[in-house]
Amino acid sequence: MSDGSANGAHERTGLLSYTEDDHSRKIIDFTDWDDEDPRNWPKFRKLTNVGIIALMAVLSPLASSMFVPGIAQIAEDLDTSTDVVVGATTGFVIFLGLGPLILAPLSETFGRRKLYLVCFSVFALLQIPTALSPNIKALIAVRSISGFFGSVGIANGGGTISDMFHPSERA
């Protein structure tokens with residue numbers, strides 16, 4: 001569906017929606033100036049969303065190495081070697097990379113907003129058991145799972161931006 005512009009500047013595509021009643025998906029079509037259409041949101045609202053998503057996308061990779069300066073202390077506290085503690089960062093980064101393979105398709109089924117809220121909440125909450133990990137096995141497991149849920153900003157940022165901005169407005 002197009003508004004007829006030759007360069008596709010205002011190309012209109014429907015958004016995918018998941019209905020929980022019958023577990024089916026459908027395309028959401030908006031009228032030209034529908035307030036629910038993210039492309040019709042005020043610029044401030046769009047930029048606020050982009051800012052939040054950008055922070056999410058930066059925070060997760062930052063969290064991958066945030067505790068590197070304390071590796072020696074962590075190794076001492078958990079009675080293990082520093083090489084083993086590096087495994088917690090390795091697990092985080094591996095799952096940070098694998099997360100988008102699962103989370104991006106899930107956002108098309110369940111919606112990006114739900115995924116952002118659930119995944120980033122879980123990511124934030126997982127920092128508590130990370131800090132309280134009684135042994136290295138728990139630390140590696142929790143950090144790995146945290147990497148998966150933290151990847152939501154990376155996984156869905158591009159799709160969210162394409163939902164909000166016409167192709168001619170994207171950088």
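The legends below accompany an overview and several close-up views of a predicted model.

**Figure 1. Overall make-up of the protein chain in the predicted model.** The protein chain holds seven helices and two strands, and its elements follow one another from the N terminus in the order β-β-α-α-α-α-α-α-α. Of its 171 residues, 36% count as buried. Among the contacts in the protein chain with a separation of 6 or more, 66% are accounted for by residues 24 or more positions apart.

**Figure 2. Close-up of the packing of helix H3 against helix H4.** Two packed helices are described by the angle between their axes and the distance between the axes. Here the axes of H3, which spans residues 82-110, and of H4, which spans residues 112-125, come within 9 Å and cross at roughly 150°. Angles over 145 degrees count as roughly antiparallel, and H3 and H4 are therefore roughly antiparallel to each other. The crossing in which H3 passes H4 is right-handed. On the H3 side the meeting residues are Phe 92, Leu 103, Leu 106, Ser 107, Glu 108 and Phe 110, while H4 brings Arg 112, Lys 114, Leu 115, Cys 119 and Phe 123. By class, the residues of this contact between H3 and H4 comprise seven nonpolar, one polar and three charged.

**Figure 3. Close-up of the packing of helix H4 against helix H6.** The axes of H4 and H6 lie 8 Å apart, and the two helices pack at an angle of about 150°, which makes H4 roughly antiparallel to H6. H4 passes H6 in a crossing that is left-handed. From H4, the contact is made by Cys 119, Phe 120, Val 122 and Phe 123, and from H6 by Ser 146, Phe 149 and Gly 150. The residues of the contact of H4 with H6 divide into five nonpolar and two polar, with no charged residue.

**Figure 4. Close-up of Ser 146 in helix H6.** With a relative accessible area of 0%, Ser 146 is buried, and its side chain makes a polar contact with the side chain of Gln 127 at 2.9 Å. When neighbours within four places in sequence are left aside, the residues in contact with Ser 146 are Phe 92, Phe 123, Leu 126 and Gln 127. Of these, Phe 123 is listed in the contact of H4 with H6, and both Phe 92 and Phe 123 are listed where H3 meets H4.

**Figure 5. Close-up of Ser 144 in helix H6.** Ser 144 belongs to H6, which covers residues 136-150, and Ser 144 counts as buried because its relative accessibility is 9%, where the cut-off for buried is under 20%. The side chain of Ser 144 reaches the backbone oxygen of Ile 140 at 2.8 Å. Apart from neighbours within four places in sequence, Ser 144 is in contact with Gly 91, Phe 92 and Phe 95. Phe 92 also appears among the residues in contact with Ser 146.

**Figure 6. Close-up of Asp 79 in the loop between helix H2 and H3.** Most residues other than glycine have a negative phi, and most peptide bonds are trans. Asp 79, although not a glycine, has a positive phi of about 55°. This residue, Asp 79, lies in the loop that runs between H2, residues 71-77, and H3. Asp 79 is exposed, its relative accessible area being 72%.

Terms used: Residues are numbered from 1 along each chain as its sequence is written. This is a predicted model: local features need pLDDT of at least 70, side-chain atom pairs count only at pLDDT 80 or more; totals for chains, interfaces and linings use all residues. Side-chain values use heavy atoms; hydrogens and water are left out. Axes are lines fitted to C-alpha atoms, for helices over the stretch in contact, and angles run from 0 to 180 degrees between N-to-C directions. Helices (H or I, at least four residues) and strands (E, at least two) are DSSP runs, numbered from the N terminus. Angles under 35 degrees count as roughly parallel, over 145 as roughly antiparallel, 65 to 115 as roughly perpendicular and the rest as oblique. A crossing is left-handed if the near helix is turned anticlockwise from the far one by less than a right angle, and right-handed if clockwise. Contact means heavy atoms within 4.5 Å. Ala, Val, Leu, Ile, Met, Phe, Trp, Tyr, Cys and Pro count as nonpolar, Asp, Glu, Lys and Arg as charged, and the others, Gly among them, as polar. Buried means under 20% relative accessible area, exposed over 50%, partly exposed in between (1.4 Å probe, protein chains only). A polar contact is a pair of N or O atoms within 3.5 Å; within protein, one must be able to donate a hydrogen and the other to accept it, and residues adjacent in sequence count only if both atoms are side-chain atoms.
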